[in-house]
Amino acid sequence: MPVKYAIHHTPAKPRFRPIGKLGIVDWREDCSSCHNCVKRSCVYRLYRDEADTLRDEVGYLDYIYQCKGCLSCVQNCTKNILTRVVNPEYRRLGDGYYTPDLVLSTWFQAETGKIPVSGSGYGGPFSGPGFDSMWTDMSEIVRPTRDGIHGREYISTSVDIGRKLSHLAFADGQLKVDPPPLVETPLPVIFDRIPQHWRRGAVMTAVTTAAAEIGTLVVLCEADIRENEASLRGQAIPLLTTPPASAEQPGGSAPFVMIPDGPDVMAEQAALKRDHPARIVAIRIPAVPTVAGRVAELARDGADVIHLVFDSHGMEHGSSQPRHLRDVLRDTHTTLVRQGIRDEVTLIASGGIAAAEHVAKAIICGADLVAIDVPLMLALECRLCGECQHGQPCPIALEEIDPLYGVSRIVNLMAAWHSQLLEMMGAMGIREVRRLRGETGRCMFFEDLERDTFGRLFGKRKS
Amino acid sequence: MSREVRPAPPRYRNEIGKYSIYRGPLCANCGRCVEACRHGVHVRPEGYLHVIRPYDYRCIGPECKHAGCFCIDACPQGALKLSINPVSETMGDRRWTPDLLMSTWAMAETGKPPGKHLESEVGDSGGGFDRLRFRFPDSPPPGLRREDISTRLPLNRRGDSRPGITIDVPWYGGGMSFGSTNIRALLGKARVAKAFHGFTSTGEGGYPERFVPYKDHVITQVATGLFGVREETIRRAPIVEFKYAQGAKPGLGGHLLGDKNTPSVAAMRETVVGVPLFSPFPFHSVYSVEDHKKHLDWIAHVNPRALLSAKVSTPIDVDMVAVGIYYAGGHIVHLDGSYGGTGAAPNVAKKNIAMPIEYAIGRVHRFLVDEGIRDQVTVIASGGVRTPADVAKAIALGADGCVIGTAELVALGCIRCTACESGRGCARGIATTDDELLEKIDVEWCTQRLVNLYTAWRQMLVDTLYRLGLDSVAALRGRTDLLTHLDYENEA
Ligand code: SF4
Ligand code: SF4
Ligand code: SF4
Ligand code: SF4
């Protein structure tokens with residue numbers, strides 16, 4: 001049995017006081033200083049711990065980052081003056097897609113490397129747009145593919161990137177064709193090019209080193225290539241943007257490169273392979289409404305890898321009614337399947353992959369793997385406040401980050417994602433993430449379940 | 001065990017309600033507000049000169065104005081202020097809204113349906129039960145009387161030689177292990193089960209000796225960990241439940257974090273203190289219905305008087321699974337939907353795996369009907385059943401009854417802060433085995449809160465049946481024609 005892939009994590013405490021969800025207000029006025037709340041009520045000792053760390057500060061701190069919200073202090077206050085409120089800063093965190101909850105959860109994972117676990121049932125909405133309208137399936141009994149998790153078995157999360165042969169051909173018992181080159185990543189997640197406003201201080205060093213540490217790949221711009229060690233270790237995918245892409249560009253000699261789509265893209269791919277036939281070329285293409293057809297065309301013409309880029313919320317570009325990655329990927333995948341070429345090309349999806357569950361769901365919808373950027377920045381404590389984009393100072397001084405600290409935060413996040421992927425795959429009875437691709441039979445879509453259950457009872461759904 | 005409703009006041013000094021009443025320094029202690037308020041918010045105890053601090057959680061808000069009993073208007077000094085309690089906004093979630101929490105607390109305190117100022121039927125999840133409504137006829141049929149409506153539910157429909165157990169209300173308490181939950185809360189659950197001729201379940205943490213006096217109302221659960229499961233406890237149980245999966249973490253198996261594995265828990269489970277415990281998923285000896293049948297046969301052999309139940313989660317083929325349970329000899333198919341409660345589960349599992357119970361019920365019901373075996377098996381639904389309205393909707397969709405878990409804990413003061421998994425467990429002393437924290441509740445209080453809750457629920461269920469013109473809960477099963485869904489066009 002091969003050695004198990006594991007991502008080792010070590011705690012990496014936040015550099016800045018994270019934004020907590022809940023706060024206690026109205027503490028001072030009328031308070032009888034009985035200390036009921038401080039001494040007796042909080043079983044987590046939060047008030048005491050806060051007081052210990054804040055000796056030099058005046059007064060109490062209103063927003064207790066770790067507050068679990070049990071309300072015991074509020075309900076035991078002798079004078080009924082303690083009130084708990086939602087931290088307004090928390091409400092402003094992130095946006096409608098990168099919700100405050102998701103940001104906090106990402107911080108937790110980057111700090112601890114652990115899967116977020118909680119008690120009680122699920123407290124969120126019944127379903128939602130995009131990935132929130134999918135449930136993954138589970139198998140009630142042992143199926144041939146299913147062995148469970150928790151250490152006894154081996155679940156593989158590795159994927160092969162590159163062109164694959166549709167079939168093998170033999171002559172005189174010998175293989176007659178040369179299999180094209182492949183790169184294997186142990187995780188179906190690579191790091192995408194980090195947007196300009198985040199590429200400050202040691203951020204790129206942290207991202208590339210973390211990629212090297214967990215054995216995955218990172219898409220780099222020309223400017224990043226020489227500076228970063230990871231590129232030397234074969235982890236980098238240089239994005240050759242100056243047209244026409246050529247081997248002479250910085251990074252152009254790398255074994256795996258990425259080029260933007262364009263009218264002559266296949267000629268560029270051919271040129272890049274000419275002097276280095278074992279090179280893999282990925283074509284980066286914005287996910288627009290017609291992308292399925294374009295992907296099929298490129299796949300037929302011999303593309304190795306196609307990287308579909310969605311916006312940061314996972315929506316397609318250039319449409320007044322944009323579809324979510326979920327639907328575009330399904331469309332693209334089925335188009336390729338129908339044309340009999342799905343297995344030959346590798347599909348990478350990026351944009352809107354915000355949580356571990358999205359990795360599994362994007363793969364079920366038809367991607368081979370995903371690329372991420374925003375979650376990496378969240379791991380570095382980014383608050384998505386957008387100040388940096390406007391040239392304002394960053395509240396977490398991102399430019400001052402210690403690269404080693406950054407590496408540990410990113411590695412931790414990936415460790416937590418990897419574990420969650422194993423949980424989901426274990427429940428599905430799928431032992432290899434390669435087999436999850438396009439496996440919509442291992443998931444349930446909101447609209448199908450609604451139609452089959454409520455639709456037959458209540459007719460047509462209101463739009 | 002008595003079913004008598006008695007007030008079971010909240011155990012914290014400041015219970016949380018929807019409204020806050022503030023009595024300011026202008027108060028002259030005239031007592032007008034005491035006279036005005038019909039809800040016991042303002043109180044001047046016998047022999048007191050002063051009106052004591054308002055019990056503002058009982059306040060029903062500005063609605064009072066129309067009934068002519070508004071304390072704010074009654075106060076000659078203008079000393080009273082009424083506002084929405086800002087704390088209520090920080091509690092609960094989309095499924096268990098602040099109103100649902102507060103209405104459950106009110107029922108547990110009083111044994112009565114909560115007032116109209118609280119939304120006590122639906123949450124804010126935006127789908128499933130929260131979007132389903134009943135279509136009530138204009139008036140119930142003449143002659144139908146509330147007191148004649150039956151809420152009883154027979155559990156053995158196979159007509160075999162095993163006992164024909166019938167429970168008084170169409171729900172029973174869910175499995176919570178000794179280790180996940182305070183023994184006092186568990187005993188409260190066992191005692192209310194006895195009072196209502198119903199059941200509670202051990203969960204998979206063994207069979208505490210203190211359950212023995214209630215043994216006729218305790219289901220023994222058998223899960224892969226087999227923690228503390230013995231033939232002796234199987235022989236004791238009127239129902240034995242095989243747990244294949246649980247809705248809150250379908251496909252993952254049970255997990256008790258090390259911190260919660262205290263000496264008493266470890267002793268019960270016959271394990272080592274402080275070690276995290278897994279019940280791996282699934283049963284590695286079950287590959288087919290035949291294997292499942294072997295398990296049930298074993299139980300049936302060890303306890304010839306037990307009814308057999310299988311608790312499963314809700315995969316896409318849940319209907320096949322249900323049929324499999326029937327053919328293997330099960331009396332009860334217990335479907336646990338994906339939004340169920342738990343002591344601890346990865347968030348990724350709670351949110352994403354398996355289907356909500358609202359879908360599963362209809363699928364299973366239909367399939368069993370098509371197979372011609374619907375009347376030989378009892379279908380019990382759980383996983384997100386929060387209110388008597390949810391129970392009624394689940395039954396209308398095709399279940400026979402429900403299992404409830406979270407609602408019982410909410411009645412005991414759970415606020416759904418979701419910290420139950422943490423080191424010492426629940427800060428409110430419910431889901432804990434920490435010696436200090438478990439002092440926070442006592443058995444009598446727990447029992448009374450649950451008796452009150454069950455009584456209020458029954459009354460609300462009877463009211464629904466009455467308004468629907470049905471004389472029994474059995475007559476509601478599968479009556480999807482009585483339902484409507486707010487998101488569908490023909491909801492009128
Ligand atoms: S709400 Fe609970 S966890 Fe938060 S500070 Fe108060 S007692 Fe502590
Ligand atoms: S319990 Fe209330 S009165 Fe006592 S110290 Fe705390 S806030 Fe002040
Ligand atoms: S915290 Fe704000 S300023 Fe700093 S990197 Fe993030 S978005 Fe930019
Ligand atoms: S009516 Fe007003 S003045 Fe009189 S006791 Fe009530 S709050 Fe005080």
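**Two ligand sites, a shared interface and two nonpolar cores**

In this predicted model, ligand 2 is surrounded by C31(A), S32(A), C34(A), H35(A), N36(A), C37(A), C77(A), T78(A) and L82(A). Sorted by class, this shell comprises 5 nonpolar and 4 polar residues, with no charged residues. The shell around ligand 1 can be described in the same terms: 8 of its residues are nonpolar, 1 is polar and 1 is charged. Of the 10 residues around ligand 1, those that come nearest are C42(A), C67(A), C70(A), L71(A) and C73(A).

The residues just named for both sites belong to chain A, and the overall build of that chain is considered next. Chain A contains 15 helices and 17 strands. Of its 463 residues, 57% are buried. Among the contacts in chain A with a separation of 6 or more, 70% are accounted for by residues 24 or more positions apart.

Chain A also meets chain B. At this interface, 73 residues of chain A are in contact with 87 residues of chain B. The size of an interface is often expressed as the accessible area lost when the parts come together. For these two chains, the buried area amounts to about 7,200 Å², of which 57% lies on carbon and sulfur atoms. On the side of chain B, K351(B), Y359(B) and Y488(B) provide 11% of the area that this chain buries against chain A, more than any other three residues.

Which residue of chain A forms a salt bridge with K351(B)? The partner is D132(A), and the closest N and O atoms of the pair are 2.6 Å apart. K351(B) thus appears both among the three residues supplying that share of buried area and in a salt bridge with chain A. In total, 4 salt bridges are counted between chain B and chain A.

The interior remains to be described. In soluble globular proteins, nonpolar side chains tend to be buried together. Here the largest nonpolar core has 141 residues, and W171(B) and L476(B) touch the most other members. Helix α14 of chain B, spanning residues 443–468, contributes the largest share of this core, with 15 residues. Apart from this core lies another, of 121 residues, which includes I225(A), I306(A), M428(A) and L436(A).

The surroundings of L476(B) can be followed in detail. Leaving aside residues up to four places away in sequence, L476(B) touches F134(B), A392(B), I395(B), A396(B), L465(B), L468(B), L470(B) and L482(B).

Methods
Residues are numbered from 1 along each chain as its sequence is written. Chains are lettered from A and ligands numbered from 1 in the order in which they are written. This is a predicted model: local features need pLDDT of at least 70, side-chain atom pairs count only at pLDDT 80 or more; totals for chains, interfaces and linings use all residues. Side-chain values use heavy atoms; hydrogens and water are left out. A residue is near a molecule or strand if one of its heavy atoms lies within 4 Å of it. Ala, Val, Leu, Ile, Met, Phe, Trp, Tyr, Cys and Pro count as nonpolar, Asp, Glu, Lys and Arg as charged, and the others, Gly among them, as polar. A nonpolar core is a set of buried Ala, Val, Leu, Ile, Met, Phe, Trp, Tyr and Cys residues joined through side-chain atoms within 4.5 Å. Buried means under 20% relative accessible area, exposed over 50%, partly exposed in between (1.4 Å probe, protein chains only). Helices (H or I, at least four residues) and strands (E, at least two) are DSSP runs, numbered from the N terminus. Contact means heavy atoms within 4.5 Å. Buried area is the accessible area (1.4 Å probe) that two parts lose on being put together, summed over both. A salt bridge is a side-chain nitrogen of Lys or Arg within 4 Å of a carboxyl oxygen of Asp or Glu.
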